[in-house]
Amino acid sequence: MIYKDFQGEKISRLGMGNMRLPTVGGEPGSPIDYEQAKSMIDELVRSGVNYFDTAYIYHGGKSEEFVGKALSDYPRESYHVATKFNLGANPDYRAQFAEQLSRLGMDYIDFYLLHGVGDDSFEGYTGCGCIEYFEEQKKAGRIRWLGFSFHGSPDTLRRMLAIRKWDFVQIQLNYYDWVFGTAKEQYEILAEAGIPVVVMEPAHGGMLARLNEKTAAKLKAMDPERSVASWAMRWAMGLEGVQVVLSGMSDMEQARDNIATFAEGKPLTAEERAAVEQVAADYRTDVSVPCTACRYCTDGCPMGLEIPKILAAYNASKVEGPWALMDLAKLPEDKRPSACIACGACTAACPQSIEVPKYMAEMAEAEKRFRR
Ligand code: SF4
Ligand code: SF4
């Protein structure tokens, strides 16, 4: 296992995220499969991993309890636990913090974070008094290091950094968001401020561990022995300002693959970095509908559908996940993809000959799932 010094402590570069643990029967929302999840923790500890990340809300509040119990077999000073205060779940920060210590069965938390600070939650987190309270807890030794996880704009990140000197910050950082999102800018803001980065979603919510066949084949061609996911991990570990790379592991196979990657500890070369960033660009082109939003199709649609907007949501869902389609639920019923009568007038008018009805049908199916 590779390590990096953090304020005099040796911390593994790989951290275990505990929000997608194996569940009983494999069903999302089912209880954590304690035996399977515990054996993953044991394997990670044996391999030298000493950073375990959880949160008040993961697994319906059961993840903290699981982490505390699973780690109780090991000396408290041999591992680091990170957990997060969630303002939306319970604004009473005193009560939530006390409950977290009790769930974990610990008398201090190593890395404590405000959970999911963003443009909308900035005022709530900074105005409620929780930061001052957690600073008191830090002085009292119940929190060792204070930070926040972030899901917002670079401007809001700058505003957060102006508030106090944070010990660390957790951001979504992966080669896809580096090219297409604001990850690079966020990373540079933190690097300039000298704040260590904890990486969440190094594989973009699993997308960079799966990709599609064509894209995965390109990575396999570069090195047939390596998993698709390992490229994302090696990309992230190569950034100078990165302290820990978190991976939300769901089974032993993923845990062992990550262990192998971080045991070898071989970051990507400059050529490999450029190659995976190109892979990201090719993937995006591959899975997206090439709509240019020219609107040649809209006037002729008998249902008056906002075709380019709907196709933009389709493209977002391919790279961000199906929840990007949730916005379509805000449209009136007769303007949603399910209202398409498959007349084909749009395809006939489209300079790219996009088979719009096919995508509308696919989204109409997804729409049904959101309604359930
Ligand atoms: S196929 Fe659907 S989206 Fe296209 S013009 Fe007809 S009703 Fe509108
Ligand atoms: S005509 Fe084609 S490219 Fe133009 S907005 Fe409609 S679907 Fe998109």
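**Notes on the two ligand shells and a few spots elsewhere**

1. Starting with ligand 1: α16 is the biggest contributor to its shell, giving three residues. Keep in mind as you read that this is a predicted model. α16 covers residues 356-371, and together with α15 (345-349) it is listed among the helices that each put at least two residues into the shell around ligand 1.

2. Who sits around ligand 1? There are 15 residues in the shell, and the closest are Cys301, Cys340, Cys343, Ala345 and Cys346. By class, the shell around ligand 1 comes out as 14 nonpolar, one polar and no charged residues. A small caution on that tally: cysteine is counted as nonpolar here, and four of the names just given are cysteines, Cys301, Cys340, Cys343 and Cys346.

3. Ligand 2 has 16 residues around it, with Cys291, Cys294, Tyr296, Cys297 and Cys350 coming nearest. Here α14 (307-320) and α15 each supply at least two residues, and α14 has the largest share, three residues. The class split for the shell around ligand 2 is 13 nonpolar, two polar and one charged. So if you are looking at α15, note that it supplies at least two residues to the shell around ligand 1 and at least two to the shell around ligand 2, where the cut-off for being in a shell is a C-beta atom within 6 Å.

4. On the overall layout, the domain assignment splits the chain into domain 1 (3-279) and domain 2 (307-371). Taken over C-alpha atoms, the centres of domain 1 and domain 2 are 34 Å apart.

5. Next, a helix pair. How do α2 and α3 cross? The axes of α2 (residues 63-71) and α3 (residues 93-104) come within 7 Å, at an angle of roughly 40°. That makes α2 and α3 oblique to each other. On the α2 side the contact involves Glu64, Glu65, Val67 and Gly68, and these meet Gln100, Arg103 and Leu104 in α3. Sorted by class, the contact of α2 with α3 has two nonpolar, two polar and three charged residues.

6. α11 (residues 228-237) is worth a look too. It is mostly covered, with nine of its ten residues buried. The buried ones are Ala229, Ser230, Trp231, Ala232, Met233, Arg234, Trp235, Ala236 and Met237.

7. Ala324 is in the loop between α14 and α15. Is Ala324 buried, exposed or partly exposed? It counts as partly exposed, because it has 17 C-beta neighbours inside 10 Å. Leaving aside residues up to four places away in sequence, Ala324 touches Ala313, Ala316 and Ser317. The C-alpha atoms of Ala324 and Ala312 are 9.6 Å apart, and the two residues are twelve apart along the chain.

8. Finally, two backbone oddities to check by eye. Gln7 is not a glycine, yet it has a positive phi of about 45°. Gln7 lies in the loop between β1 (3-6) and β2 (9-12), and it is exposed, because 10 other C-beta atoms lie within 10 Å. Glu201 is not a glycine either, and its phi is positive at about 50°. Glu201 lies in the loop between β9 (197-200) and α9 (207-210). Unlike Gln7, which is exposed, Glu201 counts as buried, because it has 24 C-beta neighbours inside 10 Å.

Definitions and conventions:
Residues numbered from 1 in each chain as written. Chains lettered and ligands numbered in written order. Predicted model: local features only at pLDDT ≥ 70, side-chain atom pairs only at ≥ 80, totals over all residues. Helix = DSSP H or I, 4+ residues; strand = E, 2+ residues; numbered from the N terminus. Domains from an automatic or database assignment. Axes fitted to C-alpha atoms, helices over the stretch in contact; angles between N-to-C directions. Parallel < 35°, antiparallel > 145°, perpendicular 65-115°, else oblique. Contact = placed C-beta atoms within 7 Å. Buried ≥ 20, exposed ≤ 12 C-beta atoms within 10 Å, placed from the backbone.
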